[in-house]
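Welcome! Please take a moment to look over the chain and its fold before reading on.

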Amino acid sequence: ALGIWLNNGGSAFLEAFPENQIEMLLRYAVDRDTPVWNIIGTTPDQSQLFFLSIDAATGNVLNRS
């Protein structure tokens, strides 16, 4: 999941904001009937963020912001 995050904009976010924090949460999405990874990178002051939601079963990107 982290590799998908990195390949879909996470690497660029890390380059732009090298002192950020990354959090990963695996949850069960009842509406999709599948586990979903939510991964977010934030700057230390939380002024910038990069979020990706990934279907854990297929690796498909579901949402990004």
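This report walks through the fold, the sheet, the helix and a few residues of interest.

## The overall picture

What you see is a predicted model. The protein holds one helix and four strands, and from the N terminus on its elements run α-β-β-β-β. Its radius of gyration is 12 Å, close to the 11 Å that the globule rule gives for 65 residues, so the protein is as compact as a globular protein of that length.

Along the principal axes, the C-alpha atoms fill a box of roughly 35 × 20 × 15 Å. Of the 65 residues, 28% are buried. If we take the contacts with a separation of 6 or more, 29% of them join residues 24 or more positions apart.

## The sheet

How are the four strands arranged? They form an open sheet in the order β1-β2-β3-β4, with antiparallel pairing. β1 and β4 are the edge strands, since each of them pairs on one side only. On average, neighbouring strands of this sheet are turned by 15° against each other, direction ignored. As general background, strands of a sheet pair through backbone hydrogen bonds, either parallel or antiparallel.

Let us look at one of these pairings in detail. β3 and β4 (residues 61-64) pair in the antiparallel sense over three bridges. I54 has V61 of β4 as its bridge partner, and S53 has N63 of β4. The hairpin of β3 and β4 has five residues between the strands, and in that hairpin G59 takes a positive phi near 85°.

## The helix and its aromatic cluster

Now for the helix. α1 packs on the sheet and touches β1, β2, β3 and β4. The direction of α1 makes about 170° with that of β3.

F13 is a good residue to start from, as it lies in helix α1. Is F13 buried or exposed? With a relative accessibility of 8%, under the 20% limit, F13 counts as buried. Leaving aside neighbours within four places in sequence, F13 is in contact with W5, N20, G41, T42, T43, Q48, L49 and F50. One of these, Q48, is 35 residues away from F13 in sequence, yet the two are 9.2 Å apart in space, C-alpha to C-alpha.

The rings deserve a look too. There are three aromatic pairs in the count. In one of them, F13 and F17 form a tilted pair, with 5.1 Å from centre to centre and 50° between the planes. F17 has a relative accessibility of 28% and counts as partly exposed, whereas F13 is buried. Ring pairs link W5, F13, F17 and F50 into a cluster.

## N20, between helix and strand

Just mentioned as a contact of F13, N20 lies in the loop between α1 (2-16) and β1. Is this loop residue buried or exposed? N20 counts as buried because its relative accessibility is 15%, and the limit for buried is under 20%.

The side chain of N20 reaches the backbone oxygen of F17 at 3.1 Å. Apart from neighbours within four places in sequence, N20 is in contact with F13, L14, T42, T43 and P44. F13, T42 and T43 are familiar names here: N20 touches F13, and F13 in turn touches T42 and T43.

## Two loop residues with a positive phi

Most residues other than glycine have a negative phi. Which residues depart from that pattern here? Among them are D33, with a positive phi of about 55° although it is not a glycine, and Q46, with a positive phi of about 60° although it is not a glycine either.

Where do these residues sit? D33 is found in the loop between β1 (21-29) and β2 (34-42), while Q46 lies in the loop between β2 and β3 (49-55). Are they buried or exposed? D33 counts as exposed because its relative accessibility is 57%, and Q46 counts as exposed because its relative accessibility is 61%; the limit for exposed is over 50%.

How values were computed: Residues numbered from 1 in each chain as written. Predicted model: local features only at pLDDT ≥ 70, side-chain atom pairs only at ≥ 80, totals over all residues. Heavy atoms only, no water. Helix = DSSP H or I, 4+ residues; strand = E, 2+ residues; numbered from the N terminus. Buried < 20%, exposed > 50% of the residue type's maximum accessible area, 1.4 Å probe, protein only. Polar contact = N/O pair within 3.5 Å; in protein donor to acceptor, adjacent residues only side chain to side chain. Contact = heavy atoms within 4.5 Å. Phe/Tyr/Trp six-rings, centres within 6.5 Å; stacked < 30°, edge-to-face > 60°. Pairing = 2+ DSSP bridges. Axes fitted to C-alpha atoms, helices over the stretch in contact; angles between N-to-C directions. Rg over C-alpha atoms; globule rule 2.2 N^0.38 Å.
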